[in-house]
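Work through the exercises below with the sequence and the coordinates open. Try each task before reading its solution.

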Amino acid sequence: MGTGTVVLVLLAVLGAGGLVGVLVRSGRREAEAEKARLAEQARIQAARSMEAVWTMEPLQFEEYVAELCRRDGCTEVRRVGAANDLGADVIGWLPDNRKLVVQCKRYAKHRTVGSPDLQKFNGTARSEHGADVPLFVASCKFTKQARAFAARHGLVLVDVGLLGFWNSGTALSALLDLDIGRSGTNRKLAPDN
């Protein structure tokens with residue numbers, strides 16, 4: 001092979017390598033864009049799924065949460081909320097046999113749940129109801145102070161955003177593993193006009 005041929009082959013290999021690099025980078029950009037698009041689509045779907053929740057009466061909301069627990073493999077799930085329920089609206093057993101005690105608050109989306117509500121629940125969930133997993137579910141946001149309290153006391157919080165994902169098919173077990181001290185936001189949503 002002549003020097004000219006070697007140079008041409010070398011240039012062809014380098015050109016093909018450069019083309020492959022451009023294609024790989026382009027593919028990565030497209031994959032990242034698709035990943036971002038799917039995440040945004042999931043967030044929008046989760047928010048849409050909450051519209052019906054905000055129209056529920058409090059007892060309907062408790063039964064709705066109980067049904068989500070059943071869907072995700074919890075057993076012996078029963079709605080127990082009533083006057084003098086000592087902070088338990090739903091009680092059941094997780095698939096791994098831990099006792100789940102749930103407090104439900106169906107508030108308007110622009111409201112927040114504060115630390116006093118969590119303090120009351122914390123005071124009864126384990127001592128009165130024997131909770132292994134105390135879960136507080138709200139159709140709105142938790143304040144920053146409430147999230148900090150929950151993190152310190154091992155309470156699991158599901159706010160409006162996480163509830164939307166739970167309603168859209170995310171398993172309860174995935175929500176239980178979140179670090180509430182770093183997840184979610186405490187910013188109120190705007191009320192409907």
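**Exercise 1.** How does Glu63 count by relative accessibility: buried, partly exposed or exposed?

Solution. The model is a predicted one, in which local features need pLDDT of at least 70 and side-chain atom pairs count only at pLDDT 80 or more, while totals for chains, interfaces and linings use all residues. Residues are numbered from 1 along each chain as its sequence is written, and side-chain values use heavy atoms, with hydrogens and water left out.

Step 1: take the cut-offs. Buried means under 20% relative accessible area, exposed means over 50%, and partly exposed lies in between (1.4 Å probe, protein chains only).
Step 2: apply them. Glu63 has 33% relative accessibility, so this residue counts as partly exposed.

**Exercise 2.** Describe the salt bridges of Glu63, Glu62 and Asp96, with the exposure of the residues involved.

Solution. Step 1: state the rule. A salt bridge is a side-chain nitrogen of Lys or Arg within 4 Å of a carboxyl oxygen of Asp or Glu. The count by this rule is six.
Step 2: take Glu63. Its side chain meets that of Arg70 in a salt bridge, at 2.8 Å from N to O. Arg70 is partly exposed, at 30% relative accessibility.
Step 3: take Glu62. A salt bridge of 3.0 Å (N to O) joins the side chains of Glu62 and Arg79. This pair links distant parts of the chain, since Glu62 sits in helix 3 (residues 58-71) and Arg79 in strand 1 (residues 75-79), 17 residues apart. Glu62 is buried, with a relative accessible area of 7%, whereas Arg79 is partly exposed at 31%.
Step 4: take Asp96. The closest N and O atoms of its salt bridge with Arg98 are 2.8 Å apart. Asp96 is partly exposed, with a relative accessible area of 46%, and Arg98 is partly exposed too, at 36%.
Step 5: look for shared partners. Glu63, Glu67 and Arg70 are joined into one network by salt bridges that share partners.

**Exercise 3.** Lay out the secondary structure of the chain, then place strand 5 in it.

Solution. Step 1: list the elements. Helices (H or I, at least four residues) and strands (E, at least two) are DSSP runs, numbered from the N terminus. The chain has seven helices and seven strands, in the order α-α-α-β-β-β-β-α-β-β-α-β-α-α from the N terminus on.
Step 2: find the neighbours of strand 5. Two strands pair if DSSP finds at least two bridges between them. Strand 3 (residues 99-105) runs parallel to strand 5 and is joined to it by six bridges; Lys105 has Ala138 as its bridge partner in strand 5. Strand 7 (residues 156-158) also pairs with strand 5 in the parallel sense, over three bridges, and Leu157 of strand 7 is the bridge partner of Phe136.
Step 3: check the side chains. In a regular strand the side chains alternate between the two faces of the sheet. Val133, Leu135 and Val137 point one way from strand 5, while Pro134, Phe136 and Ala138 point the other way, and all are buried.
Step 4: conclude. Because six of the six residues of strand 5 (residues 133-138) are buried, the strand is largely enclosed by the rest of the structure.

**Exercise 4.** Which residues of helix 5 are buried, and which are exposed on the other side?

Solution. Step 1: in helix 5 (residues 144-153), the buried residues are Ala146, Arg147, Phe149 and Ala150. Seen down the helix axis, they fall within an arc of 160 degrees (taken from the directions from the axis to the C-beta atoms), so they line one face of helix 5.
Step 2: on the other side of helix 5, Lys144, Gln145 and Arg152 are exposed.
Step 3: the cover over the buried residues of helix 5 includes strand 4 (112-113), helix 4 (115-125), strand 6 (141-142) and strand 7.
Step 4: Gly154 follows helix 5 and has a positive phi, near 70 degrees.

**Exercise 5.** Describe the backbone and exposure of Glu76 and Asn97.

Solution. Step 1: Glu76 lies in strand 1. Its phi is near 50 degrees, a positive value in a residue other than glycine, and at 60% relative accessibility Glu76 counts as exposed.
Step 2: Asn97 is in the loop between strand 2 (90-93) and strand 3. Its phi is positive as well, near 75 degrees, and Asn97 counts as exposed at 60% relative accessibility.

Conventions: Contact = heavy atoms within 4.5 Å.
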